[in-house]
Amino acid sequence: MPDTSSVKVPAVPAEKLSWYRRLYLRVEALSSTKHALAAMLVVSVVDGSFFPVPPFALLVPMVMAQPKKWLRYAVLGTVASLAGGLLGYWLGTLINAGAVSFLNIDLNMRVQRFGIDASLGELLGQNFWVLALLCSVLPTPFKVVAIGSGMVSVPLDRFLLAAVIGRTLRFMAVSGVMRFAGPTARKWLRV
């Protein structure tokens, strides 16, 4: 009988993770370092403009590790997220200016149907802030809200009102639930 002790069995390749999942796990791993708060603040700022991983990937493990700091983390994350939202809004206005001139879109075009009499720009600007409010609270990428608000020329004060209300509710809710419901709540939040 031949000796099989030296035969190498090929390792079964582990399931390959997507680039997004790998990035998410790297960001989440930052929560256990001494730079966790700074990382969460940076991720919160860039979440409003281009970063594909939400700050909650850091917030949740940070609150689980230090539950007494839940309010501090939520407030700081909210402020950083609002700063990122302003950056995203600015990017949206730049995209709007480029797209409107490049594609020759007339935002002053009148819409006169179904009892509506307003320009396209007015309709988008007046009603998009409600969508911005909902999407700031719901688990949607905040960058979409911020950039979209700038693109459709939502008045800055309306965007800020929606963002302040929505992001405050979202950060407080996620942080508070993790503080008071513990690790089992993580399944409900899908973070």
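1. In this predicted model, Lys 143 and Asp 47 are both buried, and the two residues form a salt bridge whose closest N and O atoms are 3.3 Å apart. The bridge joins distant parts of the chain, since Lys 143 belongs to helix H6 (residues 142-151) and Asp 47 to helix H2 (residues 36-47), with their positions 96 residues apart. Asp 47 has a relative accessible area of 2%, which is under the 20% limit for a buried residue.

2. Asp 47 also takes part in a salt bridge with Arg 167, where the closest N and O atoms lie 3.4 Å apart. Because Arg 167 is in helix H7 (residues 156-181) while Asp 47 is in helix H2, this pair ties together parts of the chain that are 120 residues apart in sequence. Arg 167, too, counts as buried, at 1% relative accessibility.

3. Which residues make up the salt-bridge network? Asp 47, Lys 143 and Arg 167 are linked in it, and a search of the whole structure finds 2 salt bridges. As general background, side chains of opposite charge can pair when their charged atoms come close. In the present case, Asp 47 is the partner of Lys 143 and also of Arg 167, so that the network brings in helix H2 and helix H7 through the Arg 167 pair, and helix H6 through the Lys 143 pair.

4. The surroundings of Lys 143 deserve a separate comment. Of the 10 residues of H6, 8 are buried, and this helix is therefore largely enclosed by the rest of the structure. The buried residues are Phe 142, Lys 143, Val 145, Ala 146, Ile 147, Gly 148, Ser 149 and Gly 150. After H6 comes Ser 153, which has a positive phi, near 60°.

5. Helix H2, which carries Asp 47, packs with helix H3 (residues 56-65) at an angle of about 150°, and their axes are 9 Å apart. H2 and H3 are therefore roughly antiparallel to each other, given that angles over 145 degrees are classed in this way. The crossing of the two helices is left-handed. On the H2 side, the contacts involve Ala 36, Leu 37, Ala 39, Met 40 and Val 43, which meet Leu 58, Leu 59 and Met 62 of H3.

6. H3 also packs with H7, here at an angle of about 35° and with the axes 8 Å apart, in a crossing that is right-handed. From H3, the residues Phe 56, Leu 59, Val 60, Val 63 and Met 64 meet Arg 167, Arg 170, Phe 171, Val 174, Ser 175, Met 178 and Arg 179 of H7. Two residues in these lists merit attention: Leu 59 is named in the contacts with H2 and again in those with H7, while Arg 167 is part of the H3-H7 contacts and of the salt-bridge network.

7. Is Ser 175, which is placed in helix H7, buried or exposed? Ser 175 is buried, with a relative accessible area of 1%. Apart from neighbours within four places in sequence, Ser 175 is in contact with Leu 59, Val 63, Trp 70, Leu 71 and Ala 74. Leu 59 and Val 63 are among the H3 residues that meet H7.

8. Leu 134, found in helix H5 (residues 120-137), is partly exposed, its relative accessible area being 47%. Leu 134 and Arg 167 are separated by 33 residues in sequence and by 10.0 Å in space, taken from C-alpha to C-alpha.

9. An unreviewed UniProt entry lists residues 36-58, 70-91 and 128-147 under "transmembrane region", and the model can be set beside these spans. Residues 70-91 are 100% helix and 0% strand, with the end C-alpha atoms 31 Å apart. Residues 36-58, by contrast, are 65% helix and 0% strand, and the end C-alpha atoms of this span lie 7 Å apart. A reader of the record may wish to note that the span 36-58 takes in helix H2 (residues 36-47).

10. For the overall picture, the protein has 8 helices and 2 strands, and from the N terminus on its elements run α-α-α-α-β-β-α-α-α-α. Of its 191 residues, 37% count as buried. Among contacts with a separation of 6 or more, 72% are between residues 24 or more positions apart.

Conventions
Residues are numbered from 1 along each chain as its sequence is written. This is a predicted model: local features need pLDDT of at least 70, side-chain atom pairs count only at pLDDT 80 or more; totals for chains, interfaces and linings use all residues. Side-chain values use heavy atoms; hydrogens and water are left out. UniProt positions are given in the numbering used here, feature names are shortened, and annotations may be inferred rather than shown by experiment. Helices (H or I, at least four residues) and strands (E, at least two) are DSSP runs, numbered from the N terminus. A salt bridge is a side-chain nitrogen of Lys or Arg within 4 Å of a carboxyl oxygen of Asp or Glu. Buried means under 20% relative accessible area, exposed over 50%, partly exposed in between (1.4 Å probe, protein chains only). Axes are lines fitted to C-alpha atoms, for helices over the stretch in contact, and angles run from 0 to 180 degrees between N-to-C directions. Angles under 35 degrees count as roughly parallel, over 145 as roughly antiparallel, 65 to 115 as roughly perpendicular and the rest as oblique. A crossing is left-handed if the near helix is turned anticlockwise from the far one by less than a right angle, and right-handed if clockwise. Contact means heavy atoms within 4.5 Å.
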